[in-house]
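Biologist: Please choose one strand and look at it closely. Then set it against the rest of the chain, and explain the terms as you go.

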Amino acid sequence: MDLRDHLSFLNEATERIGAGTDMVAIAGQFAAALVPRLADFASVHLLDALFVDGAPAPPAPGATASSLVRRVAVAHDEPPERWLSLVPEGAVQIMHDTSPCHEAMATGVPVWLDRVTPDRAEAMALSHSPGDLYPLVADRAYLAVPLVVRGRVLGCVALTRRPERAEFDQVDVLTVGQLAAQAALGVDNARLFRGQVATAAEFRRGVLPTTPPTPAGIEVAHRYLPANPAVEVGGDWFDTIALPGSRVAIVIGDVMGHGVRSAAVMGHLRIAVQTLAALDLPPGQLLRQLDSLALQLGDDHLATCLYAVYDPIASCCVIANAGHLAPMLVRADGTVERVEVPSGAPIGVGGVAFDTAEIPIRDGDVLVLYTDGLVEARGDDIEDRIAALGECLELAARPSADPETLCDTLLTMLDRDKHEDDVALLAARLKGIPAENIANWLLSPLPPTVPKARRLVRQAMAEWDLPDGVRETTELLATELVTNAVRYAHGPIELRLLRTRTLLCEVRDDDHFLPILLEAGDLDEGGRGLFLVSQLALRWGVSRTANGKVVWFEMPLETLDHGLPRESTIED
């Protein structure tokens, strides 16, 4: 090979090596470039730790004696069956000190043998499994070159030549070393990129729900498409949050900007919304508080947000908007409406009020919330694109179309495979709760109310034909909550049972003091009510309301075996 051919080969091989973001693919390109021009056989080994998320940085030369390596690429010009079983790709092995690769990785410099002597071949074969490596290395020229970049060893490449070919010379060593440096740089960049992608993906999984909860009375489907699929993180988010009274908060938001920074702000805002929702604030007040919190994060943290509260019993939806695109409402009969909600200012502007709109809901209506990435397109007017969304909904919203199908159809019809911004889409079918599954009573805050409440709860559960174990436990826990309400309330007490996927019991009163879960001592006369609720209920909670508080618990609709005594603290 003359100098011109040599330079041409180097340029060609360098262009092939290092491109891409896959370590194994880069190693494969490196091995393929070496055979047959420089060797009859080439095997690329990378440290096994490079494939483990969160592993420490690769070691410096001299710290690799006990390192596991993975054979990621093999290239040769001999029959495949000769090498396939002996040097399978993907195999993990320990680099023993009898291997020239071990020496190359330990010293950081190439190691080559003019001919592998029988004794050396036997020593190399003893450290190799499976199969007999001896015939494939004995009497061959051997070259091991470390893959070193930024002072770190990533692995090595081993090359051999059959006896009829010349031994490796200094030019060969320099050529392979230059290509190895290029390959090492590509592998390290791919490793760093893989780590960044894994971090971003884990971060996104931590701040954005892959499957938001679906409370009773609604059916939810969602889609999220990041602007950069390689990073899979952005500032769009969505959520569904269970509220007292089987109400549901449906949220969608969009932090201005892209990438990890926007996702970090999104994480703050999403958690803040969940926290404020637990206080059961009206939608307008919730956005006002969220706006104040955003100002504390920084004056350049702007976001749009739409917060809707659906009440399946009252059959209405209250919506507040902070600069977000208005939602679409697909009626049960297939007609499509653009919900008129005061737009408001984005979160983070500060000092603004957020008005609300209340819309009536019929069972089966579908509320469609989306971010601007779904409808924006370069060169198109946003209003025209929103009108196109409405037309797509009219075509897609067949009476039998479920939210999952609706989401898929919208993305296909709007061609969102070609989007330049993050896309978040949430469709919620508002199914309501049948009246026969609701039992509601207003009770006076007097001691005779407690046995009356017990009888009412017992009668409702008997009409619903619930299992005995559910009846007994629910009756006991409802009695405890009503007893506490009678003790502290001044006005009427509301007791409600809702039968959905679970049995929900709520007790509302006008006392603003929130009870605290305590474990009563042996001599204490009270304090056991909430402790019993926490131990026996599927879930429970307490929230403030505009006029007081609500304490609730849920029971599974199946027989429970808690070994409860039939007696109670209150006589019928």
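One strand and its surroundings

Modeller: Of the 572 residues in the protein, 51% are buried; buried means under 20% relative accessible area, exposed means over 50%, and partly exposed lies in between, with a 1.4 Å probe and protein chains only. This is a predicted model, in which local features need pLDDT of at least 70 and side-chain atom pairs count only at pLDDT 80 or more, while totals for chains, interfaces and linings use all residues. Residues are numbered from 1 along each chain as its sequence is written, and side-chain values use heavy atoms, leaving out hydrogens and water.

The protein has 14 helices and 21 strands. Both are DSSP runs numbered from the N terminus: helices are H or I with at least four residues, and strands are E with at least two.

The strand to look at is E16, residues 423–430. 8 of its 8 residues are buried, so E16 is largely enclosed by the rest of the structure. In a regular strand the side chains alternate between the two faces of the sheet. In E16, Val423, Leu425, Ala427 and Arg429 point one way. Ala424, Leu426, Ala428 and Leu430 point the other way, and both sets are buried.

E16 also has strand partners; two strands pair if DSSP finds at least two bridges between them. Strand E7 (residues 218–225) runs antiparallel to E16, joined to it by 8 bridges. Strand E15 (residues 365–370) pairs with E16 over 6 bridges, also in the antiparallel sense. Alanine 427 can be used to follow both pairings: it is the bridge partner of alanine 221, and it is the bridge partner of valine 368 too.

Next come the nonpolar cores. In soluble globular proteins, nonpolar side chains tend to be buried together. A nonpolar core here is a set of buried Ala, Val, Leu, Ile, Met, Phe, Trp, Tyr and Cys residues joined through side-chain atoms within 4.5 Å. The largest has 59 residues, and those with the most contacts inside it are Phe30, Leu34, Val44, Leu159 and Leu179. Helix H7 (residues 170–207) gives the largest share of this core, 8 residues. Leucine 179 touches Phe9, Leu10, Ala13, Thr14, Ile17, Phe30, Leu34 and Leu38, with residues up to four places away in sequence not counted; contact means heavy atoms within 4.5 Å. Apart from the largest core lies another, of 33 residues, with Val457, Leu481, Leu503 and Val551 among them. Across the protein, 69% of the contacts between residues at least 6 apart in sequence join residues at least 24 apart.

Some loops hold backbone exceptions. Most residues other than glycine have a negative phi, and most peptide bonds are trans. A cis peptide bond, with omega about 5°, joins valine 35 and proline 36. Proline 36 is in the loop between helix H2 (23–34) and strand E1 (41–47). Arginine 150, in the loop between strand E5 (141–149) and strand E6 (152–161), has a positive phi of about 55°. Arginine 150 counts as exposed, at 52% relative accessibility. Aspartate 280 has a positive phi near 60° and sits in the loop between helix H8 (259–278) and helix H9 (283–297). Unlike E16's position in a sheet, this is a loop site, yet aspartate 280 is buried, with a relative accessible area of 15%.
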